[in-house]
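Visitor: I am new to this structure and would like a close look at a single part of it. Could you take me through the sheet, and then through what surrounds it?

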Amino acid sequence: MAPAVKVYGWAVSPFVARPLLCLEEAGVEYELVSMSRAAGDHRQPDFLARNPFGQVPVLEDGDLTLFESRAIARHVLRKHKPELLGCGSPEAEAMVDVWLEVEAHQYNPAASAIVVQCIILPLLGGARDQAVVDENVAKLKKVLEVYEARLSASRYLAGDDISLADLSHFPFTRYFMETEYAPLVAELPHVNAWWEGLKARPAARKVTELMPPDLGLGKKAE
């Protein structure tokens with residue numbers, strides 16, 4: 001019998017990796033429906049019927065269809081592993097929400113810009129814009145200094161227990177750590193210990209296998 005949960009997308013995408021990580025953490029059986037970006041599968045009518053914006057991922061859970069990776073992640077955990085959302089007290093949930101917002105609006109824009117400039121553009125035959133890299137390295141350095149202070153006071157971002165606030169950082173950090181700017185993380189002891197623990201989780205190790213450092217673009221020159 002086919003799994004009730006289906007995820008549409010390409011696993012190398014950090015946006016697809018986010019819900020896959022949550023599904024793995026929650027022990028949910030799912031099917032990753034293979035799609036080709038190069039073939040434009042995300043622009044086909046059947047996919048646009050699932051997400052009119054033509055972006056991955058899309059999750060089907062029985063009769064429910066969702067898009068937007070953080071919304072999918074919240075749904076998966078709300079249904080299958082609510083403790084990763086801080087469920088139990090309004091205060092714990094609020095702290096998870098705070099650091100999820102920090103990830104989305106402070107960390108992710110800078111880290112993703114560096115990944116695009118340092119990994120993706122060169123693989124697509126483009127040249128990095130070093131001014132963009134430098135600007136975002138400076139931004140990320142300031143964000144990580146805040147993280148270092150936070151993680152010196154608590155084991156994880158939202159408190160002493162791991163949560164989606166931590167897990168949501170995994171997809172882009174996995175690629176960021178392949179750039180020459182990885183020392184920004186490695187040189188901060190509490191941030192580095194947090195990251196090493198995060199990537200060593202069985203769910204993260206499994207998802208990492210689907211995320212080669214070249215995002216699969218190395219063979220796409222065909």
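Guide: What follows begins with the sheet and then moves outward to the helices and the two domains.

This is a predicted model, in which local features need pLDDT of at least 70 and side-chain atom pairs count only at pLDDT 80 or more, while totals for chains, interfaces and linings use all residues. Residues are numbered from 1 along each chain as its sequence is written, and side-chain values use heavy atoms, with hydrogens and water left out.

The sheet is open and has four strands in the order β2-β1-β3-β4, with mixed pairing. Because β2 (30–33) and β4 (64–67) each have a single partner strand and stand at the edges, one side of each is left without a neighbour in the sheet. On average, neighbouring strands of this sheet are turned by 20 degrees against each other, direction ignored. Strands here are DSSP runs of E with at least two residues, helices are runs of H or I with at least four residues, and both are numbered from the N terminus; two strands pair if DSSP finds at least two bridges between them.

Strand β1, residues 5–8, pairs with β2 in the parallel sense over four bridges, and within this pair V7 stands opposite L32 in β2. By contrast, β3 and β4 pair in the antiparallel sense, also over four bridges, and the bridge partner of V58 is F67 in β4. The hairpin of β3 and β4 has two residues between the strands, and G62 takes a positive phi near 65 degrees there.

The loops on either side of this hairpin also deserve a look. P57 lies in the loop between α2 (45–48) and β3, and the peptide bond from V56 to P57 is cis, with omega near 5 degrees. E68, found in the loop between β4 and α3 (69–80), has a positive phi of about 80 degrees although it is not a glycine.

Helix α1, residues 14–26, lies across β1, β2 and β3 (58–61) and runs at about 160 degrees to β2; such angles run from 0 to 180 degrees between N-to-C directions, with axes fitted as lines to C-alpha atoms, for helices over the stretch in contact. E24 is found in helix α1, and, leaving aside neighbours within four places in sequence, E24 is in contact (heavy atoms within 4.5 Å) with Y30, A203, K206 and V207. The C-alpha atoms of E24 and A204 are separated by 8.1 Å, although these residues are 180 apart along the chain.

An automatic or database domain assignment gives the bounds of the domains, and the protein chain is divided into domain 1 (5–84) and domain 2 (88–207). Their centres, taken over C-alpha atoms, are separated by 21 Å, and the contact takes 15 residues from domain 1 and 21 residues from domain 2. The area buried between domain 1 and domain 2 is about 1,600 Å², of which carbon and sulfur atoms give 66%; buried area is the accessible area (1.4 Å probe) that two parts lose on being put together, summed over both. L21, R70 and L84 supply 34% of the area that domain 1 buries against domain 2, more than any other three residues.
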